[in-house]
Amino acid sequence: MPSETAMNPAAARPAAVLVPVVERESSLSLLLTKRTDHLHHHPSEISFPGGRVEERDESPVGTALRETEEEIGLGRSHIELLGALPDYLTGTGFRVTPVVGLVHPPFRLRLDAFEVAEAFEVPLSHFLDPANHQRHSMMHEGRLRHFHAMPYGDYYIWGATAGMIMSLYKVLSHG
C-alpha cells in the first residue's frame, strides 16, 4: 500500500537543504556531510545540510541557510543563492526543497558534533559523468523501491541525496 505522502504529496512535511557548490580556483565541487552514527534517522548517511521547515523560517531558503549554519557553521555571507531544484519527495514523508548556492572561499566550517561526523567535498565533475550514476532497487515495507547511488571513494551517496544530485545533473546537462 503506498504511503499517504506517495498518494498525496501535499501531506508531506516541508524540509529544505542547501546544495552547496563550492567555487575552487580550478573547478567546482559539492560540499556534503556524513551524519553521525548515533542519530535515530539516517545514521551515517551522506547528506546535504538541511532539515525541517520551522515556523520561524521565512521560506525554504531560510530553512536551508539556517540549517547549514547550525550543522556545519557555514555563514550566509559565503553563499550566493542560485535558485532551487524541483522539490524532492522522500519515502519517509518529507517534501524537500533543494536550494542551490555557490559557496565562496575562504571559509571555515564548524561542525555540530552531535549531527555531523564529517564534511567533505566531491568534484562536481564526478556527478556530471553518467558513468558514476547507478540505479538500484530494494524491497522496503513490502514495496519495491528504486533509488539512485553515486559512490565516491569510501562514500556511498544514495537515496534522496543522490536523487537531488540527479536533478542538478539534469538541469546542468539538459538546461
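1. Let's start close to the beginning of the chain. Ala11 sits in the loop that joins α1 (4–7) to β1. Its relative accessible area is 30%, so Ala11 counts as partly exposed. Phe94 is 83 residues away from Ala11 along the chain, yet their C-alpha atoms are separated by 8.6 Å. Please keep in mind, here and below, that this is a predicted model.

2. Next, have a look at helix α2, which covers residues 60–72. How far apart should the ends of a helix with 13 residues be? At 1.5 Å a residue the expected span is 18 Å, and the end C-alpha atoms of α2 are indeed 18 Å apart, so the two values agree. The buried residues of α2 are Gly62, Thr63, Ala64, Leu65, Arg66, Glu67, Thr68, Glu71 and Ile72. Notice that Arg66, Glu67 and Glu71 are on that list. Among the elements that cover the buried residues of α2 are the strands β1, β2, β4 (50–52), β5, β7 and β8.

3. Two backbone details are worth finding on your screen. Most residues other than glycine have a negative phi, and most peptide bonds are trans. Just after α2, Gly73 has a positive phi of about 75°. The other detail is the peptide bond from Pro105 to Pro106, which is cis, with omega near 0°. Pro106 belongs to the loop between β7 and β8.

4. Now for helix α4, residues 159–174. You can repeat the length check here: 16 residues at 1.5 Å each should span 22 Å, and the end C-alpha atoms lie 22 Å apart, so α4 agrees with the expectation too. Its buried residues are Gly159, Thr161, Ala162, Gly163, Met164, Ile165, Met166, Ser167, Leu168 and Tyr169.

5. One residue of α4 deserves a closer look, namely Gly163. Is Gly163 buried or exposed? It is buried, because its relative accessibility is 6% and the cut-off for buried is under 20%. Leaving out residues up to four places away in sequence, Gly163 touches Tyr88 and His148. The C-alpha atoms of Gly163 and Leu89 are separated by 9.8 Å, although their positions lie 74 residues apart along the chain.

6. Which residues have the most contacts inside the largest nonpolar core? They are Val19, Leu30, Leu32, Phe48, Phe127, Ile157 and Ile165, in a core of 26 residues. Two or more residues of this core come from each of β1 (13–23), β2 (28–35), β7 (94–103), β8 (116–123), α3 (124–128) and α4. The largest share is that of α4, with 6 residues. There is also a second, separate core of 13 residues, and Ala16, Val22, Ile72 and Ile79 are among them.

7. Ile157 makes a good example of a core residue. Not counting residues up to four places away in sequence, its contacts are Leu32, Ile46, Phe127, His148, Ala149, Met150, Pro151, Tyr152, Ala162 and Ile165. Of these, Leu32, Phe127 and Ile165 also appear among the residues with the most contacts inside the largest nonpolar core.

8. Please also check the second largest pocket, which holds about 180 Å³ of space. Its lining is made of Val21, Leu28, Leu82, Gly83, Ala84, Leu85, Pro86, Val100, Leu124, Leu168, Val171 and Leu172. Both β5 (79–84) and α4 give at least two residues to this lining. What classes of residue does the lining contain? It has 11 nonpolar residues, 1 polar residue and no charged residues.

9. Two strand residues round off the note. Leu144 is part of strand β10, residues 143–149. With a relative accessibility of 48%, Leu144 counts as partly exposed. Setting aside residues up to four places away in sequence, it touches Ser137, Met138 and Met139. The C-alpha atoms of Leu144 and Thr33 are separated by 27 Å, and the two residues are 111 residues apart along the chain. Ala117, in turn, lies in strand β8. Beyond its neighbours within four places in sequence, Ala117 is in contact with Lys34, Arg35, Thr36 and Leu111. Asp154 is 37 residues from Ala117 along the chain, and their C-alpha atoms are separated by 14 Å.

How values were computed. Residues are numbered from 1 along each chain as its sequence is written. This is a predicted model: local features need pLDDT of at least 70, side-chain atom pairs count only at pLDDT 80 or more; totals for chains, interfaces and linings use all residues. Side-chain values use heavy atoms; hydrogens and water are left out. On a 1 Å grid over the protein atoms alone, a cavity is a set of points where a 1.4 Å probe fits but cannot get out, and a pocket is an open set with protein on both sides within 12 Å along at least five of seven lines; lining residues have an atom within 4 Å of a point. Grid points are joined across faces, edges and corners, and a volume is the space filled by probe spheres set on the points. Helices (H or I, at least four residues) and strands (E, at least two) are DSSP runs, numbered from the N terminus. Ala, Val, Leu, Ile, Met, Phe, Trp, Tyr, Cys and Pro count as nonpolar, Asp, Glu, Lys and Arg as charged, and the others, Gly among them, as polar. The expected span of a helix is 1.5 Å times one less than its number of residues. Buried means under 20% relative accessible area, exposed over 50%, partly exposed in between (1.4 Å probe, protein chains only). A nonpolar core is a set of buried Ala, Val, Leu, Ile, Met, Phe, Trp, Tyr and Cys residues joined through side-chain atoms within 4.5 Å. Contact means heavy atoms within 4.5 Å.
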